Amino acid sequence: MLRFFKGFGLLSVFLLGSVATPAQAAGDLLVAPTRVVLDGSRGTEVVLNNIGSEPATYRISLEIKRMTAAGGLDEIAEADVTPAERLALDMIAFSPRRVTLPPNQPQVIRVGVRIPEGTPPGEYRAHMLFRAVPDAAPAVAADPAKPAGNGVSIALIPIYGITIPVIIRVGNLGAEATIGEAWVGDTPDGPAFNFGLTRTGNRSVYGDIEVTRPGVSEPLLVARGIAVYPEVGAREVSLRVPPELAARLKGPVRIRYSEDRDIGGGTIDEAERVVK
Amino acid sequence: MRKFGMKRAVVGAAIAALALNAPAAHAASATATATAKILRQITLTNTSALQYATIISGATASTVQVSTAGARTCGAGLTCTGTTTAANFDVQGTDGAVVLVGGDPSVTLNGSLGGTMTSSLTYSVPNITLGATGGNFQVGGTLSVGANQTAGDYTGTFNVTANYQ
């Protein structure tokens with residue numbers, strides 16, 4: 001029993017300490033799961049954890065992002081959203097929206113969905129952003145090496161976060177995807193393996209890509225979590241690969257696009273391609 | 001013996017409180033069910049800052065570039081000292097997962113003694129495929145320094161996100 005109280009004493013000291021120490025360069029975070037799909041009947045939970053060494057305050061918000069033909073995600077300002085995107089923002093309810101966490105303290109964010117009567121069938125999506133709120137006045141450490149007079153010192157503070165898609169499906173939806181041409185190209189950051197994905201239907205497709213050489217069981221390349229969202233009919237997938245893998249990828253390959261392992265891993269499309 | 005049992009109960013409660021979504025334990029019967037749900041996760045860690053170090057401005061406007069590898073190119077007419085670094089972010093998650101990297105294309109810096117500067121920002125990659133040990137990306141930039149730029153400590157914030165599809 002005595003030990004228990006000792007432990008409690010330590011805990012309160014720790015709590016006091018954590019309040020007294022201002023957060024600096026705090027904001028490292030963990031988010032799980034990495035994708036949420038809701039059908040309207042019930043909500044879910046997302047876990048946010050402070051994995052930094054200082055306490056941090058996190059803000060949770062929703063934003064609209066649109067996929068580009070190049071496979072990127074463009075952030076859309078709230079003034080420019082379409083009525084369907086507005087509906088997605090309005091349908092998703094979540095709490096809390098702001099939370100202060102000591103190091104290694106997880107917090108459950110409850111996510112619910114309310115689908116208004118008469119909502120047209122379709123897929124509605126917003127992206128949930130988790131990020132640390134920056135300190136009110138970021139302190140710049142005095143630089144003794146800085147010459148007096150005309151010296152300029154710079155402090156750039158990143159406000160960094162994670163976004164995960166929250167997808168709401170209304171009605172009976174379906175979609176298919178087809179793998180297009182595949183090639184190895186050069187980017188400013190080194191070689192990349194590229195291929196096209198074409199989508200038809202009224203929802204997004206999501207799954208894993210596996211590239212294998214015919215007759216070899218070990219895959220050359222595995223890329224998980226690749227989506228084609230409904231706002232695009234086709235996208236390019238460009239994956240940076242090490243130069244030696246880029247060389248090995250050239251020639252005949254089999255590309256398989258399969259559904260998430262969580263829902264069975266069924267094949268969406270499979271194609272034989274000669275990589276140029 | 002009673003005391004010992006109580007201590008264990010306290011420890012047990014503490015562990016249960018720490019565990020996420022821990023289902024209620026049924027310890028009364030001889031058979032026990034242990035359930036655990038493993039969620040896919042992503043972590044994002046900032047391990048270095050984008051540092052332009054110290055710059056002494058000249059009579060003409062010029063630029064200082066820090067590449068995504070952290071190397072500095074000091075423009076004509078400027079004096080640059082100190083060690084520059086690119087911002088580095090570590091990402092951990094499911095092996096093979098593709099994470100899109102996004103962020104502001106530029107940032108405005110405000111000086112402690114007045115004056116502003118802008119910096120363009122460059123990202124090392126548009127997306128990363130996580131390996132067994134995760135992945136990382138860097139942010140560099142080009143800072144525009146005015147002619148006889150007001151001295152002082154300049155600060156600015158910029159947004160960076162790691163996005164799952």
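The mean pLDDT of chain B is 82, and 80% of the residues of chain B reach 70 or more, values that belong to a model which is predicted throughout. One stretch of chain B stands apart in this respect, since pLDDT stays under 50 over residues 1–27, and for these residues the model has 11 contacts beyond four places in sequence. Where pLDDT is low, the predicted coordinates should not be read in detail. For the complex as a whole, the predictor gives an ipTM of 0.83 together with a pTM of 0.81.

It helps to begin with the make-up of each chain. Chain B holds 1 helix and 12 strands, and, read from the N terminus, the helix comes at the start and is followed by the strands. Of the 165 residues in chain B, 33% count as buried, and among the contacts in chain B that join residues at least 6 apart in sequence, 67% link residues at least 24 apart. Chain A, with 276 residues, has 32% of them buried, and its secondary structure comes to 3 helices and 17 strands. In chain A, residues 24 or more positions apart account for 72% of the contacts with a separation of 6 or more.

Within chain A, the domain assignment gives domain 1, covering 26–134 + 160–170, and domain 2, covering 175–275. The C-alpha centres of these two domains of chain A lie 27 Å apart, and where the domains meet, 10 residues of domain 1 are in contact with 12 residues of domain 2. On the side of domain 1 that touches domain 2, the elements giving two or more residues are β4 (56–67), β9 (122–132) and β10 of chain A, and of these β9(A) gives the most, with 3 residues. Sorted by class, the residues on that side of domain 1 divide into 4 nonpolar, 2 polar and 4 charged.

The contact between the two chains takes 51 residues from chain A and 54 residues from chain B. On the side of chain A that touches chain B, at least two residues each are supplied by β1 (29–32), β10 (151–170), β14 (221–228) and β15 (234–240) of chain A, and β10(A) gives the most, with 15 residues. By class, this side of chain A has 34 nonpolar, 10 polar and 7 charged residues.

The strands themselves also link the chains. β1(A) pairs in the antiparallel sense with strand β1 (residues 42–48) of chain B, over 3 bridges. Within this pairing, A:Leu29 has B:Leu44 as its bridge partner in β1(B), while the partner of A:Val31 in β1(B) is B:Ile42. The same β1(B) pairs further with strand β6 (residues 87–93) of chain B, again in the antiparallel sense and over 6 bridges. B:Ile42, the bridge partner of A:Val31, has B:Gly93 as its bridge partner in β6(B), so that one can follow the bridges from A:Val31 through B:Ile42 to B:Gly93.

Two of these residues return when one turns to the interior. The largest nonpolar core has 95 residues, and those with the most contacts inside it are A:Leu29, A:Val31, A:Phe130 and B:Val99. β10(A) gives the most to this core, with 10 residues, and the core draws at least three residues from each of domain 1 and domain 2 of chain A. Around A:Phe130, leaving aside neighbours within four places in sequence, the contacts are with A:Leu29, A:Val31, A:Leu48, A:Tyr58, A:Ile60, A:Gly161 and A:Ile162.

A last residue to consider is A:Thr212, which lies in strand β13 (residues 205–212) of chain A. A:Thr212 is partly exposed because 16 other C-beta atoms lie within 10 Å, a count that falls between the 12 or fewer of an exposed residue and the 20 or more of a buried one. Beyond four places in sequence, A:Thr212 is in contact with A:Pro219, A:Leu220, A:Val253 and A:Arg254. The C-alpha atom of A:Thr212 is separated by 45 Å from that of A:Pro55, which is 157 residues away along the chain.

Definitions and conventions
Residues numbered from 1 in each chain as written. Chains lettered and ligands numbered in written order. Predicted model: local features only at pLDDT ≥ 70, side-chain atom pairs only at ≥ 80, totals over all residues. Helix = DSSP H or I, 4+ residues; strand = E, 2+ residues; numbered from the N terminus. Contact = placed C-beta atoms within 7 Å. pLDDT = per-residue confidence, 0-100. Nonpolar A, V, L, I, M, F, W, Y, C, P; charged D, E, K, R; others polar. Pairing = 2+ DSSP bridges. Domains from an automatic or database assignment. Core = buried A, V, L, I, M, F, W, Y, C linked by C-beta atoms within 7 Å.
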